Amino acid sequence: MLIVTAMYLYREHYKEINMAQKRVSFVNRVSHELKTPLTNIRMYAELMADKINPKDGLGKHIHVITTESQRLSRLIDNVLNFSRSQRERLKLNKLKCNPDEHLNAVINVVEPIMKSAGVEVCLGKITNQPVYLDPELFEQIMINLLSNAEKYAACGKKVDISAEIKDQNLIIYVQDYGPGIQQNQSLKIFEPFYRISSKLTDGVSGAGIGLSIAKELALLHGGNLELVTSNLGKGCCFKLTLNISDPNST
């Protein structure tokens, strides 16, 4: 009887794993299929925006198409990264680059959406020196953090970003002025698909994997992403730590 039960549980467990793998594979294929048409939509919208007065009605409509296509593109990138992390370990491609340039690039990307939400992104203290990191994954982390602030802390009207280098680590603080997060939720927010339920978050779109992906990419860099106590006594302060040592050094 014990052997039969064990075999039954094994088969059920195997079926669950197999089904989960099929779901991940399906999501991965669909996400890849969405990338090409979305890229075309965004490209043609940006071409049209260059030829039309942004202040007239048509210009505003094209602006919405552009910003929403950018938002959807980021969501797809998150799904693809999450899908990849379920199948195999994500690979790190460290290059020598200036993180300040990539921070400014991220701000330029998210600026239209942040402005639409009434949020100002301010880049304060910067590093002003080259380091070794994966620029693509670094930008993905920062976009996810700012997207999180746009969704849940827009009422604060502002997000501050500062950066410093300490002991072969790039440390970045992302401070918003929103309602903040209770201490007992500080670890759960990094779990996949976990979303805090409140009047502020109910109805907000998203899959709940942005912070999870951001933390995984930070760990991949030999660093971490954590919610730390804000010096302001309000809002959320995320601390991103990335190891920036030369990958070719011995």
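This short talk walks through the sheet, the helices that lie across it, and the cysteines of one structure.

Please keep in mind throughout that what we are looking at is a predicted model. Let me begin with the sheet, which is open and is formed by 5 strands in the order E2-E4-E5-E7-E6, with mixed pairing. Its edge strands are E2, covering residues 120–123, and E6, covering 224–228, and each of these pairs on one side only. Going from one strand to the next, the twist averages 20°.

Within that sheet, I would like to point out how strand E5, residues 169–176, meets strand E7, residues 237–243, since the two run antiparallel and are joined by 7 bridges. If you want to find this pairing for yourselves, you can start at Leu 170, whose bridge partner in E7 is Leu 242.

Turning now to the helices, H3, which spans residues 99–116, lies across E2, E4 and E5, and runs at about 170° to E2. Helix H5, made of residues 210–220, lies instead across E6 and E7, running at about 125° to E6.

Finally, the cysteines: how many disulfides does the structure hold? The number is 0. A disulfide, as a reminder, is a covalent bond between the sulfur atoms of two cysteines. For Cys 237, the closest cysteine sulfur is that of Cys 236, and because the two sulfurs are 8.8 Å apart, they are too far from each other for a bond, the cut-off being 2.5 Å. Cys 237 counts as buried, at 8% relative accessibility, whereas Cys 122 is partly exposed, with a relative accessible area of 21%.

Technical notes: Residues numbered from 1 in each chain as written. Predicted model: local features only at pLDDT ≥ 70, side-chain atom pairs only at ≥ 80, totals over all residues. Heavy atoms only, no water. Buried < 20%, exposed > 50% of the residue type's maximum accessible area, 1.4 Å probe, protein only. Pairing = 2+ DSSP bridges. Helix = DSSP H or I, 4+ residues; strand = E, 2+ residues; numbered from the N terminus. Axes fitted to C-alpha atoms, helices over the stretch in contact; angles between N-to-C directions. Contact = heavy atoms within 4.5 Å.
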